[in-house]
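New to this one? Take a minute to look over the sequence and the 3D view, then use the notes below as a quick guide.

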Amino acid sequence: MSTYTAFNLALATFVLPLSYWLLGSHDRRRLTLRCARVGLLMTLIGYPWDFFAIRMGAWRYPQPEYTIHAVPVNDLFFMWICTQLTCSALIAARRWQAGSEGNSKRKNASEQDARNNRH
């Protein structure tokens, strides 16, 4: 096992539970699958970048273990795992923002009701 593979596995053991936790308990399975699909899509979009960069000599890999047309599988897995975390974090941020906006709207509405009841 190469150092890069060990790094990716360590990163995955940190990222996957964190992304699972970030998605919250509401509709977790659907959101996890959505993040996985987005990760796959971004990996497929990023694949040509790696492929042409390697072919043109922009960067090299010292004896990658497994490759798909000269692109190391470790790179593809790294792209997927980073996208998984980013997608989960963005969904969580959107939920937290919507929740705080909802709380402030409810607070403002209750303050308005209290003012109306005084008059």
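Here is a short briefing, going from the overall layout to a few spots worth finding. Keep in mind that this is a predicted model. The chain has 119 residues, and 27% of them are buried. It holds 3 helices and 2 strands.

**Overall layout**

- Start at the N terminus and you'll meet the elements in the order α-α-β-β-α.
- Look at the contacts in the chain with a separation of 6 or more: 68% of them come from residues 24 or more positions apart.
- The chain's accessible surface is about 8700 Å², and carbon and sulfur atoms account for 64% of it.

**Two patches on the surface**

- Arg34, Arg37, Arg94 and Arg95 come together as a positive surface patch. Helices α2 (28-55) and α3 are the elements that each supply two or more of its residues.
- One of the patch members, Arg34, sits in helix α2. Arg34 counts as partly exposed because its relative accessibility is 35%, which falls between the 20% and 50% cut-offs.
- There's a nonpolar surface patch too, built from Val38, Leu41, Met42 and Ile45, and together they have about 340 Å² of accessible area.
- Leu41, from that nonpolar patch, is also a helix α2 residue. With a relative accessible area of 48%, Leu41 is partly exposed.

**The loop between the strands**

- Most residues other than glycine have a negative phi, so the next two are worth a look.
- His69 is in the loop between β1 (67-68) and β2 (71-72). This residue isn't a glycine, yet its phi is positive, near 50°. His69 is exposed, since its relative accessibility of 59% is over the 50% cut-off.
- Ala70 lies in the loop between β1 and β2 as well. Its phi is also positive, at about 75°, although Ala70 is not a glycine. At 28% relative accessibility, Ala70 counts as partly exposed.

**A buried spot in helix α3**

- Asn74 belongs to helix α3, which covers residues 73-118.
- Is Asn74 buried or exposed? Its relative accessibility is 17%, under the 20% cut-off, so Asn74 counts as buried.
- Which residues does Asn74 touch, leaving out those up to four places away in sequence? They are Ser2, Tyr4, Thr5 and Asn8.

Key:
Residues numbered from 1 in each chain as written. Predicted model: local features only at pLDDT ≥ 70, side-chain atom pairs only at ≥ 80, totals over all residues. Heavy atoms only, no water. Helix = DSSP H or I, 4+ residues; strand = E, 2+ residues; numbered from the N terminus. Buried < 20%, exposed > 50% of the residue type's maximum accessible area, 1.4 Å probe, protein only. Contact = heavy atoms within 4.5 Å. Areas by Shrake-Rupley, 256 points an atom, 1.4 Å probe, with all protein chains shown as cover. Patch = residues over 30% accessible without salt bridge, like charges linked within 9 Å, V, L, I, M, F, W, Y side chains within 5 Å. Salt bridge = Lys/Arg side-chain N within 4 Å of Asp/Glu carboxyl O. Lys, Arg positive; Asp, Glu negative; His and termini not counted. Charge placed at Lys NZ, Arg CZ, Asp CG, Glu CD.
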